[in-house]
Amino acid sequence: MRNAKAMKNILIITSSYDKTIDYIIEKFSSTKFIRLNVDELDKYKISIISNPRYIVSLKSSEYEIDNLFESIHSIYYRKLFLPNLENYDKNYHTYMQKEIYSFIVGLVDSFQGKVLTKPSILRKVENKIFQLKVSIDLGFLLPNSLITNDNTQANKFNVSKIIAKPLSTGKLTNTTAIHSNLITENVEDIALTPIYFQEYIKKDYELRITVIKDVFYCVKIIADNKIDWREGEDNNLYELIDTPEIVKQECLDFLRACGLEFGAFDYIVSDGKYYFLECNPNGQWLWLELKLGLDISKSIVGYLND
């Protein structure tokens, strides 16, 4: 397979079990996708060659591309799930995982064209400490927050109700996630488990705003679970609404400050006030598209093709 730039291939860095990418490839069958499943890395032969130019070659049962970066228009970087290493000596697992991670991340970050979104940017923005600083600097309305590994400081946090949530993605495994929880007793030992504490604000409803460049999909969520709408998600009520102007401007400001073109934003609405919670720079969106008949996928593919 020998490709030219004019063919506008989109390289997708993902996993074999990414149902969102299955959906996109089937829906946009006329678009030329090159899929690389990192959890199946042994099915691909990737070489980065200095001869003396920087050249990336990719070979698999489906592709044989001598100069990958001249054959693609953009990269869609999804979630990076590593291969199963159980057949290798466990003493080498950590080393192998780091090498695979560096291999793929370095490859994507070195591409000078359009990437949604470079892992170097995701790694920074996914951290809640970084998000907290950016949102404060931008003047967003926020719940009172405390991030600490100090028991005394945590127990002095003077708000009526406290939520604890993860600092990063909250993933333990591919299927197990840590969500926000209400704190009902004193904190005892967090010296080696720093926690993000936040004031619980009684909400009228929540907003999930998915943004691709300057296209907004603002969904109102009325949830049974008043702590975290992701718990008991099937019982939630969803409605597409116009994006409030203050929220739209904040989302654009945040994206610009972080060098992002995509973000999935979460807000609480209480007594007419909009409280920023967080932005997932690589957030899920397919369930909203399917529930409400949205065209988020069209906006994403359109951006990658532009």
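Q: Let's start with the helices: is the crossing in which H5 passes H7 left-handed or right-handed?
A: This is a predicted model, and the two helices in question are H5, residues 128–137, and H7, residues 245–258. Their axes lie 11 Å apart. The crossing of H5 past H7 is right-handed.

Q: Which word describes the packing of H5 against H7: parallel, antiparallel, perpendicular or oblique?
A: The two helices pack at an angle of about 120°. Angles from 65 to 115 degrees would count as roughly perpendicular, and those over 145 as roughly antiparallel. The angle here falls in neither range, so H5 is, relative to H7, oblique.

Q: How many nonpolar, polar and charged residues are in the contact of H5 with H7?
A: H5 contributes Phe130, Gln131 and Val134, and these meet Phe254, Ala257 and Cys258 of H7. Sorted by class, the contact has no charged residues, 1 polar and 5 nonpolar.

Q: Now on to a loop residue: is aspartate 18 buried or exposed?
A: Aspartate 18 sits in the loop that links strand S1 (9–14) to helix H1 (19–27). Its relative accessible area is 9%. Because the cut-off for burial is under 20%, aspartate 18 is buried.

Q: Which residue's side chain makes a polar contact of 2.8 Å with the side chain of aspartate 18?
A: One polar contact of the aspartate 18 side chain, at 2.5 Å, goes to the side chain of threonine 14. Leaving out residues up to four places away in sequence, aspartate 18 touches Arg35 and Arg78. The side-chain partner at 2.8 Å is arginine 78.

Technical notes. Residues numbered from 1 in each chain as written. Predicted model: local features only at pLDDT ≥ 70, side-chain atom pairs only at ≥ 80, totals over all residues. Heavy atoms only, no water. Axes fitted to C-alpha atoms, helices over the stretch in contact; angles between N-to-C directions. Helix = DSSP H or I, 4+ residues; strand = E, 2+ residues; numbered from the N terminus. Parallel < 35°, antiparallel > 145°, perpendicular 65-115°, else oblique. Left-handed = near helix turned anticlockwise from the far one by under 90°. Contact = heavy atoms within 4.5 Å. Nonpolar A, V, L, I, M, F, W, Y, C, P; charged D, E, K, R; others polar. Buried < 20%, exposed > 50% of the residue type's maximum accessible area, 1.4 Å probe, protein only. Polar contact = N/O pair within 3.5 Å; in protein donor to acceptor, adjacent residues only side chain to side chain.
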